[in-house]
Amino acid sequence: MRVFVIGGTGAVGSWAVPALVMAGHRVAALARTPASAAALRAQQATPVEVSLFDRSALTDAFAGCDAVVNLATAIPPMARFASARAWEANQEVRVEGSAAVVDAALAADVGRVLQESVCMLYADGGAAWLDEHAPTDRFPMAEGNHAAEVNIARFVEAGGEGVVLRFGWFYGPGAAHSEQMLALARRRVVLTLGAPGGYQSAVHVADAGAAVAAAVQVPGGVYNVVDDQPLTKRDFADALAGAAGRTPWVRGPGRLGRVLGGRLTSLTRSVRASNARFRAASGWVPRYPSAREGWRATAKDLPR
Ligand SMILES: NC(=O)c1ccc[n+]([C@@H]2O[C@H](COP(=O)([O-])OP(=O)(O)OC[C@H]3O[C@@H](n4cnc5c(N)ncnc54)[C@H](OP(=O)(O)O)[C@@H]3O)[C@@H](O)[C@H]2O)c1
């Protein structure tokens, strides 16, 4: 297949592009800088300099493609999570960007669009397993994801095949927030947001990249892309501390995270998402069944 990737230089994109190339697809990807273009070329992808918001140029870029994969996000650094302004670029990328991608895909007659979303959209489910029919929730940080999913629904109504990938929390090499968390854990500070018994659905970025490559062939629909065994936040923190080789002195902010405002609620809720539907549709099997194995591998890949 000919596949165009947006966000191919990001935390997941930089794993998804080589996975797509390895699977035998011809891959082109949006590049915003000469350095990104060089990185894409090194991965055997063709860089294309085009604005995410320029529908006409995007339509030209998508011509002849069988699938478009939109992985673009602009999440602020952790230290700025509570600031509404810091989320504006992300809103623009997810709301306006996903609309432009769908409009251009329709104009270029692309058959299939895959859109990144997050399983933190689900309402707090406690200890229950959540499939793709579980109720979702509305809160400030989720609005961009909802908008992107609505754009995919619009693509499907117009006759296209739309795939929404609701990823778990990304961690691993290249996922900036997780690299920061590992660095803190090595200094004996481990962050847990929300109740320690709540669940954290996560996926290692290598597995997320492989999932994108597997997803270009699945029937249209919504899929959770998470590892096999979401851990409780307590176990997740222990897995991180164990991988860092440190006993934490500081664990925080725990339940306090709840008072930090609506922008954090995606991280404080309990989401125990099931990947059964995606595994059955794609044959994808995560290399890291839980964050225990994934954090261990991450700590090895990112030596102190
Ligand atoms: N499910 C999750 O847990 C989840 C979801 C999203 C992000 N995150 C985390 O948040 C961290 C920061 O995320 P991030 O989204 O800033 O970085 P990122 O995942 O490293 O990169 C996002 C991708 O979107 C592209 N992009 C951003 N704005 C764009 C625009 N205006 N036009 C075209 N492309 C654009 C970036 O291109 P450039 O390379 O040109 O900047 C990059 O390819 C990541 O490290 C990741 O771990 C987690």
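This report walks through a predicted model, from its sheet to a helix, some loops and the ligand shell.

Residues are numbered from 1 along each chain, in the order in which its sequence is written. Because the model is predicted, local features need pLDDT of at least 70, side-chain atom pairs count only at pLDDT 80 or more, and totals for chains, interfaces and linings use all residues.

**The sheet**

Start with the strands. Helices (H or I, at least four residues) and strands (E, at least two) are DSSP runs, numbered from the N terminus. Two strands pair if DSSP finds at least two bridges between them. Strands of a sheet pair through backbone hydrogen bonds, either parallel or antiparallel.

Here, seven strands form an open sheet with parallel pairing. Their order is S3-S2-S1-S4-S5-S7-S12. Which strands are at the edges? They are strand S3 (46–48) and strand S12 (221–225), and each pairs on one side only. From one strand to the next, the twist averages 20°. For such angles, axes are lines fitted to C-alpha atoms (for helices, over the stretch in contact), and angles run from 0 to 180 degrees between N-to-C directions.

Now look at single pairs. The table lists three parallel pairs, each with its bridges and one pair of opposite residues.

| Strand pair | Bridges | Opposite residues |
|---|---|---|
| S2 (residues 26–30) and S3 | three bridges | alanine 28 and threonine 46 |
| S1 (residues 2–6) and S2 | four bridges | valine 5 and alanine 29 |
| S4 (residues 67–70) and S5 | four bridges | asparagine 70 and glutamine 115 |

**Burial in the strands**

A residue is buried if 20 or more other C-beta atoms lie within 10 Å of its own, exposed if 12 or fewer, and partly exposed in between; the C-beta atoms are placed from the backbone.

Strand S2 has four buried residues out of five, so S2 is largely enclosed by the rest of the structure. In S5, seven of the seven residues are buried. In a regular strand the side chains alternate between the two faces of the sheet. Both faces of S5 are covered. On one side sit Arg112, Leu114, Glu116 and Val118, all buried. On the other side sit Val113, Gln115 and Ser117, buried as well.

Strand S7 (residues 161–167) holds glutamate 161. Valine 164 is found in S7 too. Are these residues buried or partly exposed? Glutamate 161 counts as partly exposed, because it has 17 C-beta neighbours inside 10 Å. Valine 164 has 25 such neighbours, so it counts as buried. In space, glutamate 161 is 9.1 Å from valine 110, C-alpha to C-alpha, though they are 51 residues apart in sequence. Valine 164 and alanine 215 are also 51 residues apart along the chain, and their C-alpha atoms are separated by 9.4 Å.

**Helix H4**

Helix H4 (residues 88–107) has 20 residues. How far should it span? The expected span is 1.5 Å times one less than the number of residues. That gives 28 Å for H4, and its end C-alpha atoms are 27 Å apart, which agrees. H4 bends by about 30° at glycine 97. The bend at a residue is the angle between axes fitted to the seven residues ending there and the seven starting there. Glycine 97 is itself buried. Other buried residues of H4 include Val93, Arg94, Ser98 and Ala100.

**Three loop residues**

Aspartate 109 lies in the loop between H4 and strand S5 (112–118). Its phi is near 60°, a positive value in a residue other than glycine. Aspartate 109 is exposed, because 12 other C-beta atoms lie within 10 Å.

Arginine 188 sits in the loop between H6 and strand S9 (189–193). Its phi is also positive, near 70°. Arginine 188 is partly exposed, with 14 other C-beta atoms within 10 Å.

Arginine 246 belongs to the loop between helix H8 (233–244) and strand S14 (250–254). It is partly exposed, with 16 other C-beta atoms within 10 Å. Arginine 246 and arginine 188 are 58 residues apart along the chain, yet their C-alpha atoms are separated by 5.9 Å.

**Around the ligand**

A residue is near a molecule or strand if its C-beta atom, placed from the backbone, lies within 6 Å of it. Which of the 24 residues around the ligand come nearest? They are Thr9, Gly10, Thr73, Ala175 and Ala176. Strand S8 (169–171) and helix H6 (176–186) are the elements that give two or more residues to this shell. By class, the shell has 14 nonpolar, nine polar and one charged residues. Ala, Val, Leu, Ile, Met, Phe, Trp, Tyr, Cys and Pro count as nonpolar, Asp, Glu, Lys and Arg as charged, and the others, Gly among them, as polar.
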